[in-house]
Amino acid sequence: MSEAYFPVGPGLGMEENFLSLDDILMSQEKLPGRAESALPRLAVLMGQGASSAESDNFWLLWFPQGSKLEIPLWLAKGLHDSKRRIISVELPKIYKEAWRTVFSADANVVDLHKMGPYYYGFGSQLLNFENPENPEIAQTILQTFVARFRRIMDSSQNAYNEDTSALVARLDELERALFQVGQKGLNDFQCWEKGQASQITASSLVQNYGKRKLTEVDG
């Protein structure tokens, strides 16, 4: 029986893949921002105001100029326009200079899942907004991934038939996916070594990457 849903990996870089459940969830993450002009009926769209059918106060449907907002990423990207000052977006605290200093000192001590379960994907999306700190944000994201990657893969390769919940609790969703790939590779190897599998196959991560590259070539 074929599966009803084949997992689709998240997009890479500044663009989401809206066939990916991870990217759909990531796009709901909130950004602090400010209304640079009056935003009619936006409160209803964000679920923060009464509907026009229920309210006699039309002003409840507006965000006045200067209002502070918590905007989902997908909406912030849609409203952001460098020529028309509709909204301005602020950095979430984990991407600000103080936290970048913590990451540069020792990225492994940070509980990424608590701070934001889509640290890498969400941070990459922030580069869509003009911010003078974008180069530093991009550099920190890359260095954080490199610094944490080895420990994640080492942990996944040294936890055979063990409870791994404590190991993955502090990982962001991308890191959890990498940990699972490492665990599957270890389990497959152990099964092959015991004669319980006829061959070792490439991981789904590698297969999906190969399919993506073929699609880009064909396009």
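**Exercise 1. The H6–H7 pair**

Task: In this predicted model, describe how the axes of helix H6 (residues 119-126) and helix H7 (residues 134-157) are placed.

Solution.
- Step 1. Start with the general approach: two packed helices are described by the angle between their axes and the distance between the axes.
- Step 2. Take the distance. The axes of H6 and H7 come within 9 Å.
- Step 3. Take the angle. The two axes cross at roughly 160°.
- Step 4. Classify the angle. Angles over 145 degrees count as roughly antiparallel. H6 and H7 are therefore roughly antiparallel to each other.
- Step 5. Add the hand. The crossing of H6 past H7 is left-handed.

**Exercise 2. The contact residues**

Task: List the residues that make the contact between H6 and H7, then sort them by character.

Solution.
- Step 1. From H6, the contact uses Tyr119, Tyr120, Gly123, Ser124 and Leu126.
- Step 2. From H7, the contact uses Asn134, Ile137, Thr140, Ile141, Thr144, Phe145 and Arg148.
- Step 3. Sort them. Six of the contact residues are nonpolar, five are polar and one is charged.

**Exercise 3. Burial of H6**

Task: Work out how many residues of H6 are buried, and name them.

Solution.
- Step 1. Apply the cut-off: buried means under 20% relative accessible area.
- Step 2. Count. Seven of the eight residues of H6 are buried, and the helix is mostly covered.
- Step 3. Name them. The buried residues are Tyr119, Tyr120, Phe122, Gly123, Ser124, Gln125 and Leu126.
- Step 4. Set this beside the chain. Of its 219 residues, 32% count as buried.

**Exercise 4. The open sheet**

Task: Give the strand order of the open three-stranded sheet, and explain which strands stand at its edges.

Solution.
- Step 1. Write the order. It is E4-E1-E5, with antiparallel pairing.
- Step 2. Find the edges. Strand E4 (68-72) and strand E5 (87-89) each have a single partner strand, so one side of each has no neighbour in the sheet.
- Step 3. Add the twist. From one strand to the next, it averages 40°.
- Step 4. Recall the general pairing rule: strands of a sheet pair through backbone hydrogen bonds, either parallel or antiparallel.
- Step 5. Check E1 against E4. Strand E1 (residues 30-35) runs antiparallel to E4, and five bridges join them. Proline 32 has glutamate 70 of E4 as its bridge partner. Arginine 34 faces lysine 68 in E4.
- Step 6. Check E1 against E5. Three bridges join these antiparallel strands. Alanine 35 stands opposite isoleucine 87 in E5.

**Exercise 5. Lysine 114 and alanine 169**

Task: Locate lysine 114 and alanine 169, and say how far apart their C-alpha atoms are.

Solution.
- Step 1. Place lysine 114. It belongs to helix H5 (residues 112-115). Its relative accessible area is 70%, so lysine 114 is exposed.
- Step 2. Place alanine 169. It sits in the loop between helix H8 (165-168) and helix H9 (173-193). Its relative accessibility is 37%, so alanine 169 counts as partly exposed.
- Step 3. Read the separation. The two residues are 55 residues apart along the chain, and their C-alpha atoms are separated by 8.7 Å.
- Step 4. Find what alanine 169 touches. Leaving out residues up to four places away in sequence, its contacts are Asp111, His113 and Arg176.

**Exercise 6. The whole chain**

Task: Summarise the secondary structure and the share of contacts between residues 24 or more positions apart.

Solution.
- Step 1. Count the elements. The chain has ten helices and five strands.
- Step 2. Take the contacts with a separation of 6 or more. Residues 24 or more positions apart account for 66% of them.

Terms used: Residues are numbered from 1 along each chain as its sequence is written. This is a predicted model: local features need pLDDT of at least 70, side-chain atom pairs count only at pLDDT 80 or more; totals for chains, interfaces and linings use all residues. Side-chain values use heavy atoms; hydrogens and water are left out. Axes are lines fitted to C-alpha atoms, for helices over the stretch in contact, and angles run from 0 to 180 degrees between N-to-C directions. Helices (H or I, at least four residues) and strands (E, at least two) are DSSP runs, numbered from the N terminus. Angles under 35 degrees count as roughly parallel, over 145 as roughly antiparallel, 65 to 115 as roughly perpendicular and the rest as oblique. A crossing is left-handed if the near helix is turned anticlockwise from the far one by less than a right angle, and right-handed if clockwise. Contact means heavy atoms within 4.5 Å. Ala, Val, Leu, Ile, Met, Phe, Trp, Tyr, Cys and Pro count as nonpolar, Asp, Glu, Lys and Arg as charged, and the others, Gly among them, as polar. Buried means under 20% relative accessible area, exposed over 50%, partly exposed in between (1.4 Å probe, protein chains only). Two strands pair if DSSP finds at least two bridges between them.
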